[in-house]
Protein chains: 2
Amino acid sequence: MVQAVILGSGNVAHHLARAFTSHPGLQLVQRYARNINALDDVTIPVPITHDLSKLVVADVYILAVSDDAIAGLSAQLPFEGRLVVHTSGSMPLEALDLKNRGGVFYPLQTFSKAKAVDFSQIPICVEAATEPDYALLETAARALSEQTYRIDSAQRRTLHVAAVFASNFSNHMYKLAADLCANNHMPFDILKPLIQETAHKILSLPPRDAQTGPAIRHDQKTIAAHLELLQEPSQRAIYQLLTQSIQHG
Amino acid sequence: MVQAVILGSGNVAHHLARAFTSHPGLQLVQRYARNINALDDVTIPVPITHDLSKLVVADVYILAVSDDAIAGLSAQLPFEGRLVVHTSGSMPLEALDLKNRGGVFYPLQTFSKAKAVDFSQIPICVEAATEPDYALLETAARALSEQTYRIDSAQRRTLHVAAVFASNFSNHMYKLAADLCANNHMPFDILKPLIQETAHKILSLPPRDAQTGPAIRHDQKTIAAHLELLQEPSQRAIYQLLTQSIQHG
């Protein structure tokens, strides 16, 4: 049984708290939030505190707070030598104050508070300074998810950039496509099945092999026609740069 | 009952031929391919010809051939005044020879021959020069799909560009992410749930509202750290351009 205290009141804290109260092998013993009123999910049956001096003993303290708050909060903890982890994709293990044993417990998914989350399908990236701590975090991760990965700080830094491409930038491609539809009086709905199929394809085919369209076919006639159509300079620049990148990739 | 002849031996011809033999209200009366051996799906129970002079009478002739072949094939047809349509996203209705009545029947999806296709979920974009022809094509489209749209040639040209953004370019984002994983000894599998969720999100949320990440948060510290990490000039240029576009969009 892994006993945890979760600190924070954001989306990740919320979903982790729910998950730690509903998976065998895990126990949420306390929650901390500086502002208890920020915890709108008070239905989770666990003691809450806003006073760091009242933190109880646990196997692991999970700091599910914003990147900027990790260093300060970890320095304020009124104990030493315990296992303290953060949940950030972009911060190194060393962002945590060294008076405690450090680790990282990074669930790689976009969270919104309103939407329920199935943790079993969320990859969890684990790092720790020592093997015993790694073993404990991995036990907790495996209790939550079918996909756990040992990822060190340098890898996680790159993984976070890769996630920006895979998620933020692909979503921006949807947004640019939606703009083109709207400006030409077509519903974005027309493109939704294509978007789903494109995302689905890479489950069975590497993205390199899944590529189709005028760029990979070096269909210069279609590319020229598309560029002629795109009047907005930023859209044109993106079309040109990505076409080049596809052709030289 | 809409009776059709399908001309062509590619993926679209293959899937349309299957669909026209399995939906009530549609009947495939003949197939044409210049090279009959290219038709590897000979299990479809319908007469095949490679001789244009043997084409039988039908309500509509569907030219499911490459963009470059549309004009030539439509000019070679040994009859006049019948309804002849192409299936291309990027060619105007006028690509068809004017001796017949023109139309467009464009299923907006990526097709691969090996994978079965559920036409009911594929948007079909229909255009015709006259209202009676439009009505006939719409009847055929509705027999196949739950989503049919009336899209004129100018709109379809833009729709094709939008599809490049939504599908080819988003797939390229997956490819760049996969490269970053591979170069840092991480399996691309880590990112697959995030990619699926990102594509799934826009079914219920406009892409503009679904955006997350350092660009939309104007998190300059993380953006600077990501750019420092990206050594490859093309990756850096794409990261910068798309970050700007997200921030100014």
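Q: Is Val60(B) buried or exposed in this predicted model?
A: The model is predicted. Val60(B) sits in strand E4 (residues 60–63) of chain B. Its relative accessibility is 2%. Buried means under 20%, so Val60(B) counts as buried.

Q: How far apart in space are Val60(B) and Val85(B), C-alpha to C-alpha?
A: Val60(B) touches Val85(B), and its other contacts include Val2(B), Leu83(B) and Leu136(B). In sequence, Val60(B) and Val85(B) are 25 residues apart. In space, their C-alpha atoms are separated by 7.3 Å.

Q: What C-alpha span should helix H4 of chain B have, and what is the distance between its ends?
A: Helix H4 of chain B covers residues 153–183, which makes 31 residues. At 1.5 Å a residue, the expected span is 45 Å. The end C-alpha atoms agree with that, at 44 Å apart.

Q: Where is the kink in H4(B) centred?
A: H4(B) has a kink of about 30°. The residue at its centre is Val164(B).

Q: How many of the 31 residues of H4(B) are buried?
A: H4(B) is largely enclosed by the rest of the structure. That follows because the buried residues number 27 of the 31.

Q: Which residue has a side-chain oxygen that reaches the backbone nitrogen of Ala154(B)?
A: Look at the start of H4(B). There a side-chain oxygen comes to within 3.1 Å of the backbone nitrogen of Ala154(B). That oxygen belongs to Asp152(B).

Q: Is His185(B) buried or exposed?
A: His185(B) lies in the loop between H4 and helix H5 (192–201) of chain B. This residue has a positive phi of about 60°, although it is not a glycine. Its relative accessible area is 71%. The cut-off for exposed is over 50%, so His185(B) is exposed.

Q: What relative accessible area does His218(A) have?
A: His218(A) is found in the loop between H6 and H7 of chain A. It has a positive phi of about 50° although it is not a glycine. His218(A) is partly exposed, with a relative accessible area of 46%.

Q: Which residues of chain B does His226(A) touch?
A: His226(A) is in helix H7 of chain A. It is buried, at 4% relative accessible area. Not counting residues up to four places away in sequence, it touches Pro214(A) and Tyr239(A) in chain A. In chain B, it touches His160(B), Val161(B) and Val164(B).

Q: What is Ser167(A) in contact with, leaving aside its neighbours within four places in sequence?
A: Ser167(A) is in helix H4 (residues 153–183) of chain A. It counts as buried, at 4% relative accessibility. Leaving aside those neighbours, its contacts are Thr110(A), Leu194(B) and Thr198(B).

Q: How much area do chain A and chain B bury between them?
A: In the pairing, 80 residues of chain A are in contact with 80 residues of chain B. Carbon and sulfur atoms hold 69% of the buried area. The area itself is about 7,800 Å².

Q: Which residue of chain B meets Arg208(A) in a salt bridge?
A: Chain A and chain B have three salt bridges between them. In one of these, the N to O distance is 4.0 Å. There the partner of Arg208(A) is Asp179(B).

Q: Which element gives the largest share of the side of chain A that touches chain B?
A: Between the chains, 23 residue pairs are in polar contact. Elements giving two or more residues to that side of chain A include H4, H5 and H7. The largest share is 26 residues, and it comes from H4(A).

Conventions:
Residues are numbered from 1 along each chain as its sequence is written. Chains are lettered from A and ligands numbered from 1 in the order in which they are written. This is a predicted model: local features need pLDDT of at least 70, side-chain atom pairs count only at pLDDT 80 or more; totals for chains, interfaces and linings use all residues. Side-chain values use heavy atoms; hydrogens and water are left out. Helices (H or I, at least four residues) and strands (E, at least two) are DSSP runs, numbered from the N terminus. Buried means under 20% relative accessible area, exposed over 50%, partly exposed in between (1.4 Å probe, protein chains only). Contact means heavy atoms within 4.5 Å. The expected span of a helix is 1.5 Å times one less than its number of residues. The bend at a residue is the angle between axes fitted to the seven residues ending there and the seven starting there. A polar contact is a pair of N or O atoms within 3.5 Å; within protein, one must be able to donate a hydrogen and the other to accept it, and residues adjacent in sequence count only if both atoms are side-chain atoms. Buried area is the accessible area (1.4 Å probe) that two parts lose on being put together, summed over both. A salt bridge is a side-chain nitrogen of Lys or Arg within 4 Å of a carboxyl oxygen of Asp or Glu.
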